[in-house]
Amino acid sequence: MKTSQISATFFGATDTGRVRTNNEDNFIACELWGGSHLLLAAIDGIGGYEGGEVAARIARDVIIEETTSHPGVDCLELLKHAVTKANNAIVEHKKADPDRSRMGCVISSAIIAPDKMRVYMVHVGDSRLYQYTASDGLKKLSHDHSLVGYREEIGMLTEEQAMHHPQRNIIERSLGDELHNPDDPNFLDAGIFPIFEPTQYLFCSDGLSDMLYSAEIASVLATDADARTEVTRLIDMANDAGGKDNITAVIAKVSMPIVNTTRPAGASDDITVFGRPLPPADNSDDMIAPDTASPKAVQNQQPSPAKSAPKKKLTLKQLNAFIVTVAASFIIGGTVGYFIGHYSGRADAEAEFLEAKSIPADSVITEGNQPADTIADPQMVGEQVADSLNRLQASRIMNDTVATDAHAAPAAEAARNAVNNKNNP
């Protein structure tokens, strides 16, 4: 397909593998609405001979029918609706056929809109959607709905441990468990991702991701061969590694002119994610894989791409700085509170003294219109009262001056003498 200067090619395939005798996987790889969009998915059936392949086929048929029948609507909401309708169709089929009561499937699906440079993803289970770019390498966009996958994502298990964990295939969500609405909690993960540059998207079942390391997958996508060649190569590699499960791979390659590969400031790889968080992981010891060498031999294995950096822990230096800051805040706050209370209390005491002596308010001389060494006029309040008030003022001046500057004691003494001379001519 081609839209303006942006084009997209795609290819999908599925293989039974080297161990299974039937293929429960399925996939979607088709154009929508006159070729303006792509509909892609990797679907992995659950239930073995009790109908995993039937569930995967139901999901495929319902999703294609729903999406092709409603052009021009919101892509994400349409895909959520289509996947939910597929889920409910599987549930109803199980009710009508008790022999297939255990059937279900997991899915990673997306509508790609090259003209809008957006990918709309809906995901349930442990199939995967990867993104590959020359600038960022391989990145997993979906999140596994399994305890082992969850632990791998948060760094509790290495990729090696997770790939060979005995409980790797125990999943927490799938299509066909019960009737749902699109926005039910703990059901669908949905997200919108931007396309900034030429990008490849890989949809695969765990028959591929459990057989190949991330570095091996990236090495194939890095060749930038056509989609058919890359899909065929990945399936062959998974079979060469053991082919223990059905293997499905779908690749879409979105191309565009490279004018400026610098992303807009603040741009995020993940514009919007609507998925609910996983329930708390089981912390029992049997969920930790033994740290032993894998029986799988990897020829010339490349180092796995670095995981995204975890959140920074609080360092000792940061902790000390925090404690000092808190302590300083308490000291400063206490000091300010002391002086406010000190001067407020002194002012109240002086006011009570004047009131007790029935001294008129206009007899008190403020510092704004009289030298600071006196506050009361002896002719108006009497020499005894004036002497008491003025001595109090002199004492305050001396204390304040000494507290402010230890070298100002002579000035405080001069103020006291001035008051004595004024009150005792």
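**Entry 1: the cores**

I began with a term: a nonpolar core is a set of buried Ala, Val, Leu, Ile, Met, Phe, Trp, Tyr and Cys residues joined through side-chain atoms within 4.5 Å. I also reminded myself that this is a predicted model.

With that in hand, I looked up the largest nonpolar core and found 35 residues in it. The members that touch the most other members are L39, I43, I63, V83, I90, I107 and L175. I then asked which elements give two or more residues to this core. They are strand 3 (25-32), strand 4 (37-46), helix 1 (52-68), helix 2 (75-96), strand 5 (104-113), strand 6 (118-124) and strand 9. Helix 2 gives the most, with 8 residues.

I picked V83 for a look at its surroundings. Leaving aside neighbours within four places in sequence, I found V83 in contact with I63, I107, S109, V122, L175 and L188. Apart from the largest core lies another one, of 23 residues, including F11, Y132, L208 and I247. As a background note, nonpolar side chains tend to be buried together in soluble globular proteins.

**Entry 2: salt bridges**

Next I turned to charged pairs. My search of the whole structure gave 19 salt bridges.

I started with K95 and E92, whose closest N and O atoms are 3.8 Å apart. How are they placed along helix 2? They are separated by about one helical turn, because they sit 3 residues apart in that helix. K95 counts as exposed, at 56% relative accessibility, and E92 is partly exposed at 41%.

Then I checked K140 and D144, which form a salt bridge with the closest N and O atoms 3.9 Å apart. Is D144 buried or exposed? D144 is buried, at 0% relative accessibility, whereas K140 is partly exposed at 24%.

My third pair was D210 and R168, whose side chains meet in a salt bridge at 3.0 Å, N to O. This pair links distant parts of the chain, 42 residues apart. D210 lies in the loop between helix 5 (206-209) and helix 6, and R168 in the loop between helix 4 and strand 9. D210 has a relative accessible area of 11% and R168 one of 7%. I call both of them buried because the cut-off is under 20%.

I was pleased to see some of these names again in a network of salt bridges, which links R128, K140, D144, E152, E153, R168 and D210.

**Entry 3: cavities**

I looked for enclosed space and counted 2 cavities of 30 Å³ or more. I spent my time on the second largest, which has a volume of about 40 Å³. What lines it? The lining is made of R128, Y130, E152, E159, M163, R168, S209 and L212. Strand 7 (128-133) and helix 4 each supply at least two residues of this lining. By kind, the lining residues divide into 3 nonpolar, 1 polar and 4 charged.

**Entry 4: two residues with positive phi**

Last, I looked at backbone angles. N186 has a phi near 55°, a positive value in a residue other than glycine. N186 lies in the loop between helix 4 (159-163) and strand 9 (189-194), and N186 is partly exposed, with a relative accessible area of 44%.

For D224, phi is also near 55°. D224 is found in the loop between helix 6 (214-221) and helix 7 (227-240). With a relative accessible area of 54%, D224 is exposed.

Definitions and conventions
Residues are numbered from 1 along each chain as its sequence is written. This is a predicted model: local features need pLDDT of at least 70, side-chain atom pairs count only at pLDDT 80 or more; totals for chains, interfaces and linings use all residues. Side-chain values use heavy atoms; hydrogens and water are left out. Helices (H or I, at least four residues) and strands (E, at least two) are DSSP runs, numbered from the N terminus. Buried means under 20% relative accessible area, exposed over 50%, partly exposed in between (1.4 Å probe, protein chains only). On a 1 Å grid over the protein atoms alone, a cavity is a set of points where a 1.4 Å probe fits but cannot get out, and a pocket is an open set with protein on both sides within 12 Å along at least five of seven lines; lining residues have an atom within 4 Å of a point. Grid points are joined across faces, edges and corners, and a volume is the space filled by probe spheres set on the points. Ala, Val, Leu, Ile, Met, Phe, Trp, Tyr, Cys and Pro count as nonpolar, Asp, Glu, Lys and Arg as charged, and the others, Gly among them, as polar. Contact means heavy atoms within 4.5 Å. A salt bridge is a side-chain nitrogen of Lys or Arg within 4 Å of a carboxyl oxygen of Asp or Glu.
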